[in-house]
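Work through these exercises with the structure in view. Try each task before you read its solution.

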Amino acid sequence: MYLHLGSGTLVNEKDIIGIFDLEITSQSFRTRNYLNEAERRGHLVYVDIEEIPKSFVVCAKPGEGQTVILSPLSPQTLQRRGETGSGLL
């Protein structure tokens, strides 16, 4: 199953490590460093560069590094989509 993160971006549900609220978690020095490092390494993906991101999704495929995806959808919306199957394809 795939979770729709907005603007046509889909991720395989089994590759998702976590979904995080950007506003809350970015207050942490460690989270800001993690996101900065992901960007520096080219592992940060914006779903929609014109929308303000509300959440970030950490994904990893076996044998590959982590990818951080910034989504304009709230973590609550993404969680609901995953639970109800409405955002899954």
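**Exercise 1. The largest pocket**

Task: Find how much space lies in the largest pocket, and name the elements that each supply at least two residues of its lining.

Solution:
- Start with the volume. The largest pocket of this predicted model holds about 180 Å³ of space.
- Next, list the lining. It consists of Y2, L10, V11, N12, D15, C59, A60, K61, E64, G65, T67 and I69.
- Now assign elements. Strands β2 (9-12), β5 (55-60) and β6 (66-71) each give at least two lining residues.
- Then look for the largest share. Strand β2 supplies it, with three residues.
- Finish with chemistry. Six lining residues are nonpolar, three are polar and three are charged.

**Exercise 2. N12, a lining residue**

Task: Decide whether N12 is buried or exposed, and find what N12 touches beyond four places in sequence.

Solution:
- Place the residue. N12 sits in strand β2, and N12 also belongs to the lining of the largest pocket.
- Check the accessibility. N12 has a relative accessible area of 17%. Buried means under 20%, so N12 is buried.
- Look for partners. Setting aside residues up to four places away in sequence, N12 touches M1 and Y2.
- Link back to the pocket. Y2 is also one of the lining residues.

**Exercise 3. The whole chain**

Task: State the order of the elements from the N terminus on, then ask whether the radius of gyration agrees with that of a compact globule or departs from it.

Solution:
- Count the elements. The protein has three helices and six strands.
- Read them in order. From the N terminus on, they run β-β-β-α-α-β-β-β-α.
- Take the span. Along its principal axes, the C-alpha trace covers about 35 × 30 × 20 Å.
- Compare with the rule. A compact globule of 89 residues would have a radius of gyration near 12 Å. The protein has 12 Å, so the two agree.
- Turn to burial. Of the 89 residues, 33% are buried.
- Add the surface. About 5800 Å² is exposed, and carbon and sulfur atoms supply 51% of it.
- End with contacts. Among contacts with a separation of 6 or more, 56% join residues 24 or more positions apart.

**Exercise 4. F56 and its contacts**

Task: Work out whether F56 is buried or exposed, and which residues F56 is in contact with.

Solution:
- Locate F56. Its place is in strand β5.
- Read the accessibility. At 4% relative accessibility, F56 counts as buried.
- List the contacts. Leaving aside neighbours within four places in sequence, F56 is in contact with G18, I19, F20, L22, T25, T31, Y34, L35, V68, I69 and L70.
- Follow one of them. F20 is 36 residues from F56 in sequence, and their C-alpha atoms are 5.4 Å apart.

**Exercise 5. Two partly exposed residues**

Task: For H4 and T77, give the element that holds each residue.

Solution:
- Take H4. It lies in strand β1 (residues 2-6).
- Classify H4. Its relative accessible area is 22%, so H4 is partly exposed.
- Find a distant partner. H4 and G82 are 78 residues apart along the chain, yet their C-alpha atoms are separated by 8.9 Å.
- Take T77. Helix α3 (residues 75-84) holds it.
- Classify T77. It counts as partly exposed, at 21% relative accessibility.
- Add a distance. The C-alpha atoms of T77 and S55 are separated by 9.9 Å, with these positions 22 residues apart along the chain.

**Exercise 6. A positive phi**

Task: Say where S7 is found, and what value its phi is near.

Solution:
- Place S7. It is found in the loop between β1 and β2.
- Read the angle. Phi of S7 is near 50°, a positive value in a residue other than glycine.
- Set the background. Most residues other than glycine have a negative phi.

Key: Residues numbered from 1 in each chain as written. Predicted model: local features only at pLDDT ≥ 70, side-chain atom pairs only at ≥ 80, totals over all residues. Heavy atoms only, no water. 1 Å grid on protein atoms, 1.4 Å probe; cavity = no way out; pocket = protein on both sides within 12 Å on 5 of 7 lines; lining within 4 Å. Points joined across faces, edges and corners; volume = space filled by probe spheres on them. Helix = DSSP H or I, 4+ residues; strand = E, 2+ residues; numbered from the N terminus. Nonpolar A, V, L, I, M, F, W, Y, C, P; charged D, E, K, R; others polar. Rg over C-alpha atoms; globule rule 2.2 N^0.38 Å. Buried < 20%, exposed > 50% of the residue type's maximum accessible area, 1.4 Å probe, protein only. Contact = heavy atoms within 4.5 Å. Areas by Shrake-Rupley, 256 points an atom, 1.4 Å probe, with all protein chains shown as cover.
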